Amino acid sequence: MSAPSSPSAKLLVEPSAKPGVDRAAGSQLAGSQLAESQPADLTWLLNRAAARMRGELDTVARGHGLAGVRDWIVLTALGVESGRTQLQLGRELGVDKTTLTSLLDRLEGDELVVRRLDPRDRRARIPEVTAAGRRLQARIAAARDEAEARLLAAFSLDEQRLLRALLTRLADSTAASGPCL
């Protein structure tokens, strides 16, 4: 997937100057000098990177018969921790209950998920991944790994490890706020 050539794709924003910070020292990443024309707006960069990744993973998920990466993320979340109600799952993923219900309806229709009554509250439903859903999730995870490898091929293995470590620290440093889907 190629980057768009729109003016917003070339947005250049100077980072805020901070007293006492050596800009020359701060312009190095993993020992290499950053290009001067590189966009500096971190929010924009993270959103563009996420959009590229989401686009690739949407293609992967659709290639395996799902509606998109959202379906795969729900299957994965259900496989990681079972016993959560739809409401709990929606809160953890940052998805409203109407959207999650329609997504689960589709997955249930494809026999990838089943929903059972919560024994503590018969009004609540507990979605669970079926054996077919687990197999599909595993196949897509392998295809996701290949897509990520293609997207990160321009980076050395050390740079890829650094990127993952930094993003993990950033993601773990904040409480879940806003949707992850």
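What covers the buried residues of H3? In this predicted model, the cover includes helix H2 (42–63), H4, H5, E3, E4 and helix H6 (131–151). That list is a handy way into the fold, and the paragraphs below start from the whole chain and then work through H3, H5, the E3–E4 pair and a few individual residues.

Taken as a whole, the protein chain holds 7 helices and 4 strands. Their order along the sequence is α-β-β-α-α-α-α-β-β-α-α. Of the 181 residues in the chain, 29% are buried. Counting contacts between residues at least 6 apart in sequence, 58% join residues at least 24 apart. The accessible surface comes to about 12100 Å², and carbon and sulfur atoms account for 55% of that area.

Back to H3. This helix has 12 residues, and the distance from its first C-alpha to its last is 16 Å, close to the 16 Å expected at 1.5 Å a residue. Its buried residues are Val69, Asp71, Trp72, Ile73, Val74, Leu75, Ala77 and Leu78. So the list takes in an aspartate and a tryptophan along with Val69 and Leu78, going by the under-20% cut-off for buried residues.

Val69 is worth a look on its own. It sits in helix H3 and counts as buried because its relative accessible area is just 4%, with the cut-off at under 20%. Leaving aside residues up to four places away in sequence, Val69 touches Arg54, Leu57, Asp58 and Ala61. Arg54 is 15 residues away along the chain, and its C-alpha atom is separated from that of Val69 by 7.0 Å.

Helix H2 also contains Ala49. With 46% relative accessibility, Ala49 counts as partly exposed. The C-alpha atoms of Ala49 and Leu151 are separated by 9.7 Å, although the two residues are 102 apart along the chain.

Helix H5 (residues 97–109) has a length that checks out: at 1.5 Å a residue its 13 residues should span 18 Å, and the end C-alpha atoms are indeed 18 Å apart. Which residues of H5 are buried? They are Leu100, Leu103, Leu104 and Leu107. These leucines cover an arc of only 100° around the axis, so they lie on the same side of H5. What covers them includes helix H3 (69–80), helix H4 (86–93), strand E3 (113–118) and strand E4 (121–129). On the face turned away from the buried side, H5 carries the exposed residues Thr98 and Gly109.

Both ends of H5 have something to show. At the N-terminal end, Asp96 acts as a cap, with a side-chain oxygen 3.1 Å from the backbone nitrogen of Thr98. Past the other end comes Glu111, in the loop between H5 and E3. Most residues other than glycine have a negative phi. The phi of Glu111, however, is positive, near 60°. Is Glu111 buried or exposed? Its relative accessibility is 59%, so Glu111 counts as exposed, the cut-off being over 50%.

Beyond that loop, E3 and E4 run antiparallel and are joined by 6 bridges. The two strands form a hairpin with 2 residues between them. Within this pairing, Val114 stands opposite Glu128 in E4. As noted above, E3 and E4 are also among the elements covering the buried residues of both H5 and H3.

Asp118 belongs to strand E3. Despite the charged-type name, what matters here is the number: Asp118 counts as buried because its relative accessible area is 5%. Its side chain reaches the backbone nitrogen of Arg120 at 2.9 Å. Not counting residues up to four places away in sequence, Asp118 touches Thr85, Ala124 and Ile126. Ala124 and Ile126 fall within the range of E4 (121–129).

Notes
Residues numbered from 1 in each chain as written. Predicted model: local features only at pLDDT ≥ 70, side-chain atom pairs only at ≥ 80, totals over all residues. Heavy atoms only, no water. Expected span 1.5 Å × (residues − 1). Buried < 20%, exposed > 50% of the residue type's maximum accessible area, 1.4 Å probe, protein only. Arc of directions from axis to C-beta. Contact = heavy atoms within 4.5 Å. Polar contact = N/O pair within 3.5 Å; in protein donor to acceptor, adjacent residues only side chain to side chain. Areas by Shrake-Rupley, 256 points an atom, 1.4 Å probe, with all protein chains shown as cover. Pairing = 2+ DSSP bridges.
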